[in-house]
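Here is a short guided tour to read with the model open beside you. Keep the sequence at hand too, and look up each residue as it comes along.

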Amino acid sequence: MEKAAQETLTKGKDGAVKGESSIKPEFLTSKDKFHEFIDSEWQGPKGGKVCENETAQESKETSVEEPATKKLKLEPEDKNKTDKPDGKRLRGQNKSRPHVKPTTYDEKRLCLSIIKDNKVCPFGDKCHFYHDVGAYMANKPADIGESCYLYDTFGHCAYGLSCRFAKAHTTPDFKTMEKADLVKAYEGRTVVKNSLSKDLQNCLRKRAVDFKKSAEYLKILSNNKEKQQREQQGNGKAHAAEVCPDPAGEAKCASTEAETQASPEKPAAVKTIGPLTDTDVIKLRACEKKQVDFKDKLYLAPLTTCGNLPYRRVCKRFGADITCGEMAMCTNLLQGQQSEWALLKRHESEDLFGVQVEGCFPDTMTRCAELINNNCDVDFVDINSGCPIDLVYKKGGGCGLMTRTRKFEQIVKGMNYVLDVPLTVKIRTGVQEKCSVAHKLIPEMKQWGVSMITLHGRSREQRYTKLADWDYISTCSKLASPVPLFGNGDILSYEDAMKARETGVSGIMIARGALIKPWIFTEIKENRHWDISSSERLDVLRDFTNFGLEHWGSDTRGVEKTRTFMLEWLSFMCRYIPVGLLERVPQKINERPPYYMGRNYLESLMASQNVGDWVRISEMLLGPVPKNFIFLPKHKANAYK
């Protein structure tokens with residue numbers, strides 16, 4: 001009776017459990033029945049029913065294993081008792097996740113000299129890689145598919161024999177084929193820009209890069225600081241002189257004045273050309289900088305881990321107007337770290353593209369801005385002053401900049417000084433939940449020279465526990481005018497977007513909503529709810545797979561890297577509930593999906609929040625996982641091991 005009463009209390013007016021999406025009753029099921037159905041109906045990546053004998057035989061042939069059947073277990077009634085001897089479950093984690101090296105899944109690779117048809121290896125006998133093509137092909141994992149996306153698109157696969165689709169472009173005598181017409185079509189065309197060259201990387205590591213404009217700004221900043229200190233000291237001495245005059249001090253001041261008059265030829269602090277300084281002549285005025293029209297655009301948020309280049313290409317196909325690279329640490333960029341520079345890469349389809357940098361000091365941020373300005377093709381640069389994670393915040397970056405307004409001002413003015421493109425800023429409402437400070441910062445940022453502001457309607461402490469405050473965003477939008485202000489938070493449908501536009505914002509930034517359903521951009525532009533089928537969603541993942549193989553490579557390392565990023569994305573995509581199953585449209589971002597059966601098996605599989613089922617989806621596109629494959633998601637799902 002008590003249990004029934006409790007269930008009644010937790011249900012809303014429409015019968016749905018509080019905090020859960022409202023789904024038509026005929027599709028609802030229990031956790032046990034859901035996983036029993038998924039496990040019993042699962043068919044292998046090749047489409048046939050997987051049985052124990054076939055799996056064992058396939059693992060011998062390809063040196064890979066099918067993942068063990070996994071399903072979520074009901075928590076025991078007695079919380080002190082557990083099935084596992086150590087009393088712990090494998091759960092997701094956000095901090096200190098184990099890093100799997102790309103070489104883990106590729107025991108011994110083919111030497112690059114063989115792949116590039118250069119028979120002379122520069123390392124000779126000391127080379128640790130295969131030089132015998134026959135031996136390599138005998139130990140190489142089986143091909144994933146019959147056609148290679150790189151070969152079909154570009155006419156040539158740079159990975160040659162090491163490609164996991166090598167049969168499509170390899171002759172019986174292990175020669176790599178080419179399609180001359182496609183190769184000629186792409187000749188001289190740069191598909192991906194902003195790559196780090198070896199020369200620039202060496203200069204950065206040797207600290208041989210000349211940051212001329214940054215040095216000018218930092219010198220001005222230093223002179224202003226010294227001037228303020230002298231004024232403060234002078235005010236203190238003047239106050240002391242009023243109380244107790246010091247004749248010796250007056251004599252010293254007189255002698256200083258005499259020395260100044262005696263040496264009129266002393267050079268000025270700043271070299272002048274007539275009545276103007278070099279700084280005045282060289283510095284670009286605001287009207288001379290590149291202008292970008294941000295108004296009424298749909299902005300795909302810079303998303304750490306998931307907002308990679310292949311994912312952004314998928315969103316561009318669905319109608320995203322503005323894209324931005326993942327957050328990059330300015331210190332890592334200045335050190336020439338290849339992994340950090342990879343976050344700045346831009347695909348040719350990204351017509352309005354920016355990069356986001358994070359830092360907490362004016363000198364490093366100004367130098368980083370000049371480095372990007374001189375070596376990258378971007379339309380704007382964004383300062384991340386909204387990152388809530390401890391690693392960034394405790395150093396004074398991210399949200400920490402909102403409480404360090406003096407440093408924040410110096411960073412903005414310094415970056416503006418060296419950039420030829422607009423400078424934008426992404427902020428939150430504040431650090432503490434009940435102490436919003438964005439409305440105080442925005443009028444100051446207008447004076448600093450910011451070209452656009454993006455406001456996430458939550459504080460750092462709040463994270464995602466409550467809904468975004470769009471009333472506050474509306475107030476800030478009025479304060480920001482005429483500087484465009486974009487609102488961000490809780491947009492998962494075109495109805496949410498329409499309500500957001502009514503607040504008076506210049507545009508909308510979409511983050512989690514685009515991860516859950518990247519076709520949200522199409523829905524907003526066409527003002528409709530899209531009841532997308534499971535096969536169409538699988539095609540979206542197939543596009544991501546192809547873009548990933550193009551970006552990270554079609555060899556084993558590239559395949560597994562693509563798989564890892566796909567699994568990260570599926571941890572969000574599994575939250576989507578098809579429109580045809582909803583009792584109340586649209587789905588709300590803060591409502592979790594209950595257990596439900598889809599209209600077909602694939603739709604049910606895509607609804608699973610178990611990482612083992614995400615791996616199954618990846619196997620449909622990228623083949624079986626290696627025997628030593630490990631994936632630990634950020635969110636609270638069982639880990640795959």
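The sections below go from the whole chain to single residues and their surroundings.

## The overall picture

Please keep in mind that this is a predicted model. The protein contains 26 helices and 13 strands. Of its 641 residues, 47% are buried. The exposed surface comes to about 34100 Å², and carbon and sulfur atoms supply 51% of that area.

How much of the contact network links residues 24 or more positions apart? Among contacts with a separation of 6 or more, such pairs account for 71%.

## Helix α23 and its cover

Helix α23 covers residues 534-552. Its 19 residues should span 27 Å at 1.5 Å a residue, and the C-alpha atoms at its ends are 26 Å apart, so the expected and modelled lengths agree. Just after the helix comes Gly553, which has a positive phi near 115°.

Many side chains to look at here are buried, including Arg537, Leu538, Leu541, Phe544, Phe547, Glu550 and Trp552. An α-helix has 3.6 residues a turn, so residues three or four places apart point the same way. Which elements cover the buried residues of α23? The cover includes helices α6 (149-154), α12 (309-317), α24 (556-573), α25 (601-606) and α26 (611-622), together with strand β7 (346-347).

One of these buried residues, Phe547, also has a charged partner: the charged end of Arg313 sits over the Phe547 ring, 3.8 Å from its centre.

## Three parallel neighbours

Strand β10 (residues 423-430) is mostly covered, with eight of its eight residues buried. Five bridges connect β10 with strand β9 (residues 380-385), and these two strands run parallel. Strand β11 (residues 452-459) is also joined to β10 in parallel, here by six bridges.

Thr424 is a handy place to see both pairings. Asp382 stands opposite Thr424 in β10, and Thr424 in turn stands opposite Met452 in β11. In a regular strand the side chains alternate between the two faces of the sheet.

## Aromatic rings

A search of the whole structure turns up 15 aromatic pairs. One cluster is formed by Phe294, Tyr299, Phe380 and Phe486. A pair of aromatic rings is described by the distance of the centres and the angle of the planes.

## Two buried residues and their contacts

Leu303 lies in the loop between β4 (298-300) and α12. Is Leu303 buried or exposed? Its relative accessible area is 10%, so Leu303 counts as buried. Beyond its neighbours within four places in sequence, Leu303 is in contact with Tyr311, Glu326, Ala511 and Leu515. Leu303 and Ile510 are 207 residues apart in sequence, yet their C-alpha atoms are 10.0 Å apart in space.

Glu560 belongs to helix α24. With a relative accessibility of 3%, Glu560 is buried. Not counting residues up to four places away in sequence, Glu560 touches Tyr105, Pro626 and Phe629. Phe629 has a further partner, as the charged end of Arg563 sits over its ring, 5.9 Å from the centre.

## Backbone points worth a look

Most residues other than glycine have a negative phi, and most peptide bonds are trans. Where does the model have cis bonds before proline? One of them runs from Ser481 to Pro482, with omega near 10°, and Pro482 is in the loop between α19 (470-480) and β12 (485-488). Another is the bond from Val585 to Pro586, with omega near 5°; Pro586 lies in the loop between α24 and α25.

Two residues other than glycine have a positive phi. Phe174 has a value of about 65° and is found in the loop between α6 and α7 (180-185). Its relative accessible area is 37%, so Phe174 is partly exposed. For Arg207, phi is near 55°. Arg207 lies in the loop between α8 (198-205) and α9 (212-243) and, at 78% relative accessibility, counts as exposed.

How values were computed: Residues are numbered from 1 along each chain as its sequence is written. This is a predicted model: local features need pLDDT of at least 70, side-chain atom pairs count only at pLDDT 80 or more; totals for chains, interfaces and linings use all residues. Side-chain values use heavy atoms; hydrogens and water are left out. Helices (H or I, at least four residues) and strands (E, at least two) are DSSP runs, numbered from the N terminus. Buried means under 20% relative accessible area, exposed over 50%, partly exposed in between (1.4 Å probe, protein chains only). Contact means heavy atoms within 4.5 Å. Accessible areas come from the Shrake-Rupley method with a 1.4 Å probe; for residues, only the protein chains shown count as cover. The expected span of a helix is 1.5 Å times one less than its number of residues. Rings of Phe, Tyr and Trp (its six-membered ring) pair if their centres lie within 6.5 Å; planes under 30 degrees apart count as stacked, over 60 as edge-to-face and the rest as tilted. A charge sits over a ring if NZ of Lys or CZ of Arg is within 6 Å of the ring centre and within 35 degrees of the ring normal. Two strands pair if DSSP finds at least two bridges between them.
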